[in-house]
Amino acid sequence: METQKTILYVVVPCYNEEEVLPETSKQLREKYLELKEQISPLSRIVFVNDGSKDKTWEIICKLHEEDPCFSGINLSRNRGHQNALLAGLMTVKKYCDVAISMDADLQDDINAINEMLNKYEKEGCDIVYGVRRKRNKDTFFKRFTAESFYKFMNTMGANTVYNHADYRLMSKRALEGLSEFHEVNLFLRGIVPMIGYKTDAVYYERKERFAGESKYPLKKMLSFAMEGITSLSVKPIRWISFIGLGVFLVSIIMLIWSVVGYFRGLTIPGWASLMVSIWGIGGLVLLALGIVGEYIGKIYLETKGRPRYIVDEFLEEKRDEYNEKET
């Protein structure tokens with residue numbers, strides 16, 4: 001009896017990717033043809049248009065019309081990379097056996113898909129992480145900031161896979177598990193490891209971006225790190241408690257020093273020490289208020305329960321409706 005082939009959906013979030021989409025679609029289509037003995041003809045390559053301002057959606061629609069292998073999801077407006085990725089995964093989970101998420105810029109090595117599928121089919125892994133092997137091609141600044149990003153995230157309690165972005169395989173069971181997480185403030189790199197199940201990793205060499213500009217400059221990476229930390233960990237608030245305790249101990253020491261100085265006749269006030277104390281404590285108070293405010297803001301957004309994304313159009317559903325009418 002012939003073994004049923006795996007239905008694979010590759011989900012690719014896109015934001016202003018008209019420069020890379022023709023080449024990305026070409027390479028992914030070639031990969032699907034290479035895997036035709038392993039994956040089902042029902043497998044699809046799904047591009048998620050995250051409110052692009054260029055011709056990204058027009059290109060996706062054209063690809064869909066020319067080849068049934070391609071499909072597309074159009075969000076009602078720009079919701080950010082993490083929400084666009086989640087929208088794609090949650091939309092396709094009822095159609096696929098496994099879904100692989102990757103970026104559109106061709107920096108992720110698509111040849112790693114073969115090993116991901118083997119780990120799913122032969123080793124029973126529900127989640128397979130695509131992990132960057134080295135950063136030799138990066139500049140010192142890029143390498144330093146990226147590595148510091150992962151180390152800082154883990155130190156602050158957001159457990160992530162080192163050198164892993166959003167290139168991963170997830171089984172249908174893992175996708176169902178992901179759907180149980182309802183937080184509005186998304187950080188998938190920290191949420192996916194919480195799902196559990198059997199996991200593994202494949203290692204690959206990350207390439208240069210094929211065309212266009214990076215969607216994650218330093219400013220956005222810092223914002224992304226803050227989002228991840230405050231979404232997944234309460235360590236910063238705990239650190240405030242320890243800092244407060246430290247400042248309190250210092251104040252006790254200063255009090256003892258002042259009393260000793262009084263009895264020794266050294267009571268002339270020092271302007272420098274006074275100013276340093278005022279600015280130091282004032283800075284700590286403002287920092288503490290800022291961190292606590294960040295968490296309160298997250299609570300505010302979570303209690304509203306706003307939708308994380310709204311799908312305006314899913315091309316695969318249109319095809320299903322057309323086929324039903326034909327039959």
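**Close-up 1. Strands E1 and E4 run side by side in the parallel sense in this predicted model.** Four bridges join E1 (residues 8-14) to E4. For a landmark, find Val 11, which sits opposite Ser 101 of E4. E4 itself spans residues 98-101, and E1 also gives at least two residues to the 34-residue core shown further on.

**Close-up 2. E4 also pairs with E6, this time in the antiparallel sense.** Strand E6 covers residues 164-171, and four bridges hold the pairing with E4. Look for Ala 99, whose bridge partner in E6 is Met 170. Now check which way the E4 residues point: Val 98 and Ile 100 go one way, Ala 99 and Ser 101 go the other, and all of them are buried. That's the usual pattern, because side chains in a regular strand alternate between the two faces of the sheet.

**Close-up 3. Lys 119, Glu 123 and Asp 200 share a network of salt bridges.** Start with Lys 119 and Glu 123, whose closest N and O atoms are 3.8 Å apart. Both belong to helix H4 (residues 112-123), and because they are four residues apart there, about one helical turn separates them. On the other arm, Lys 119 meets Asp 200 with an N to O distance of 3.0 Å. This pair links distant parts of the chain, with Lys 119 in H4 and Asp 200 in strand E7 (residues 199-204), 81 residues apart. How buried or exposed are the three? Lys 119 is buried, at 11% relative accessible area. Glu 123 is partly exposed at 38%, and Asp 200 is partly exposed too, at 28%.

**Close-up 4. Asp 166 and Arg 168 form a buried salt bridge.** Their side chains come together at 2.9 Å, N to O. Asp 166 has 4% relative accessibility and so counts as buried; Arg 168 is down at 1%, also buried. Opposite charges can pair like this when the charged atoms come close. In total, the structure holds eight salt bridges.

**Close-up 5. The largest nonpolar core brings together 34 residues.** Which residues make the most contacts inside it? They are Leu 8, Leu 28, Phe 47 and Ile 113. Helices H1 (21-34), H2 (56-66) and H4 each supply at least two residues, as do strands E1, E2 (44-49), E4, E6 and E7. Zoom in on Ile 113: setting aside neighbours within four places in sequence, it is in contact with Leu 8, Leu 28, Lys 31, Leu 35, Ile 100 and Tyr 167. Elsewhere there is a second, separate core of 30 residues, with Tyr 9, Leu 75, Val 92 and Tyr 129 among them. In soluble globular proteins, nonpolar side chains tend to be buried together.

**Close-up 6. Helix H2 has a buried side and an exposed one.** Where do the buried residues of H2 sit around the axis? Thr 56, Trp 57, Ile 60, Cys 61, Leu 63 and His 64 are the buried ones. They cover an arc of only 160° around the axis, so they end up on the same side of H2. Turn to the other side of H2 and you'll find Glu 58, Lys 62, Glu 65 and Glu 66 exposed.

How values were computed. Residues numbered from 1 in each chain as written. Predicted model: local features only at pLDDT ≥ 70, side-chain atom pairs only at ≥ 80, totals over all residues. Heavy atoms only, no water. Buried < 20%, exposed > 50% of the residue type's maximum accessible area, 1.4 Å probe, protein only. Pairing = 2+ DSSP bridges. Salt bridge = Lys/Arg side-chain N within 4 Å of Asp/Glu carboxyl O. Core = buried A, V, L, I, M, F, W, Y, C linked by side-chain atoms within 4.5 Å. Contact = heavy atoms within 4.5 Å. Arc of directions from axis to C-beta.
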